[in-house]
Amino acid sequence: MTADVWLPIPPEEIEGLPEGPGYRYWNGGEDFPADPADCAFYVVPYMKPSPLCVRPMPEMSHLQVVQTLSAGIDHVQPGLRHLRPGVRLCNARGVHEASTGELTLALILASLRGIPDFVRAQDRGEWLAGFRPALADKNVLIVGYGSIGAAIEDRLVPFEVARVARVARSERTTARGPVQPLTELASLLPEADIVILSTPLTETTRGLAGADFLSRMKDGALLVNVARGPVVDTKALLAEVETGRITAALDVTDPEPLPREHRLWRAPGVLISPHVGGPTSAFLPRAKRLLVDQLNRYVNREPLRNVILTTGASTG
């Protein structure tokens, strides 16, 4: 196999890559490392804007695989229409569960225990004592129960939560309990003290947390978004948090990056982190392991992992 593989990590830094392909390093620079027409396996640059990620795709006439290093694939979907039928799109399931699970718990604990208020008080030299809610004994609803949702629940359990309800696109049973379909959201939202969004961004989930969704959340509930910004209707969220009825912890926003003068920055009870669920020290070793496994499978003509769709078959 002599076709090129484009990598956003220098190939000499990845141990275990199979022999055969020509490895080309490209992490979004202005100049392509080789002719895109010779690329058979394209690993998309991580945490780069969508237009940059899809830029070489119209010229990748012999492409066979697109591999993201993110759990979401929405940033490469605009480029799929340029590809020939039969190209497999794979995501990075298994790479971000640890980091995103950690951040989700950090956002929940920081919001409930008032850590942002303590930091501001420290800047003022003020001793800000008081009574704060705990995570223990809370009812938690996870909307989007894939591998990241499951990793979040794994990290919630030691905190003695009262109950975890799980929602995904389709109903199923897991080792931890039942997963209910999206159609059950209306009945589950009023019972949840904490609602965690960890769902992919699709046409079904875009604007999912809109006015009706948010109005069904109980008074004092916390909304946590570690999914994608457009899963939440920002205008509807502002209408709720500015009254103080609910609070929010957001790793992603719509728009993103959030403009300097946006009202969300100053909304009461809102904690914002700048889309940092994935980029931690845990990312690189897991990303490298995924790439080595996938490329060995590719070279040996074995089934690839994490195939989300195949062009032609799924995208028309």
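Two strands count as paired if DSSP finds at least two bridges between them. On that basis, this predicted model holds an open sheet of 8 strands, in the order β8-β9-β7-β6-β10-β11-β12-β13, and the pairing is mixed. At the edges stand β8 and β13 (270–272), each with a single partner strand, so each has one side left without a neighbour in the sheet. From one strand to the next the twist averages 20 degrees. Within the sheet, β11 (residues 222–225) and β12 run parallel and share 4 bridges. Leu222 sits opposite Thr247 of β12.

Two helices that pack on this sheet can be described next. Helix α3 (residues 97–113) lies across β10, β11, β12 and β13, and its direction is about 150 degrees to that of β11. Helix α8 lies across β11, β12 and β13, at about 135 degrees to β12. As for burial, 12 of the 17 residues of α3 are buried, so α3 is largely enclosed by the rest of the structure. The buried set is made up of Glu97, Ala98, Ser99, Thr100, Gly101, Leu103, Thr104, Leu105, Leu107, Ile108, Ala110 and Leu112. The length of α3 also fits: at 1.5 Å a residue its 17 residues should span 24 Å, and the end C-alpha atoms are indeed 24 Å apart. Just past the end of α3, Gly114 adopts a positive phi of about 75 degrees.

Now to the nonpolar interior. The largest nonpolar core counts 32 residues, and those with the most contacts inside it are Leu141, Phe213, Leu223 and Leu237. Elements giving two or more residues to this core are the strands β6 (139–143), β7 (163–168), β10 (194–197) and β12 (247–250), along with the helices α6 (185–188), α7 (211–216) and α8 (234–241). Helix α8 provides the largest share, 4 residues. For Leu141, with neighbours within four places in sequence set aside, the contacts are Ala165, Val167, Leu185, Leu188, Leu189, Ala192, Ile194, Val195 and Ile196. Apart from this core lies another one, of 24 residues, including Leu112, Leu135, Ile142 and Ile194. Leu112 is also listed among the buried residues of α3.

Helix α9 (283–299) has 17 residues as well, and from its first C-alpha to its last it reaches 24 Å, close to the 24 Å expected at 1.5 Å a residue. Its buried residues are Phe283, Ala287, Leu290, Leu291, Val292, Gln294, Leu295, Arg297 and Tyr298. The cover over them includes the strands β1 (4–7), β2 (22–25), β3 (39–43), β4 (65–67) and β5 (88–90). Just after α9, Arg301 takes up a positive phi, here of about 55 degrees.

Charged pairs come last. Side chains of opposite charge can pair when their charged atoms come close, and a search of the whole structure turns up 15 salt bridges. One of them joins Asp154 and Arg176, with 3.0 Å from N to O. Asp154 belongs to helix α5 (residues 147–156), while Arg176 is in the loop between β8 (172–174) and β9 (177–181), so this pair ties together parts that lie 22 residues apart in sequence. Both ends are partly exposed: the relative accessible area is 39% for Asp154 and 41% for Arg176.

Glu240 makes a salt bridge with Arg245, and here the closest N and O atoms are 2.7 Å apart. Glu240 counts as buried, at 14% relative accessibility; the cut-off for that class is under 20%.

A further salt bridge brings together the side chains of Arg305 and Asp293, at 2.8 Å from N to O. Asp293 is in helix α9 and Arg305 in the loop between α9 and β14 (307–310), so the pair, 12 residues apart, links distant parts of the chain. Arg305 is partly exposed at 42% relative accessibility, and Asp293 is likewise partly exposed, at 26%. Finally, Asp117, Arg120 and Arg132 are joined into one network by salt bridges that share partners.

Notes: Residues are numbered from 1 along each chain as its sequence is written. This is a predicted model: local features need pLDDT of at least 70, side-chain atom pairs count only at pLDDT 80 or more; totals for chains, interfaces and linings use all residues. Side-chain values use heavy atoms; hydrogens and water are left out. A salt bridge is a side-chain nitrogen of Lys or Arg within 4 Å of a carboxyl oxygen of Asp or Glu. Buried means under 20% relative accessible area, exposed over 50%, partly exposed in between (1.4 Å probe, protein chains only). A nonpolar core is a set of buried Ala, Val, Leu, Ile, Met, Phe, Trp, Tyr and Cys residues joined through side-chain atoms within 4.5 Å. Contact means heavy atoms within 4.5 Å. Axes are lines fitted to C-alpha atoms, for helices over the stretch in contact, and angles run from 0 to 180 degrees between N-to-C directions. The expected span of a helix is 1.5 Å times one less than its number of residues.
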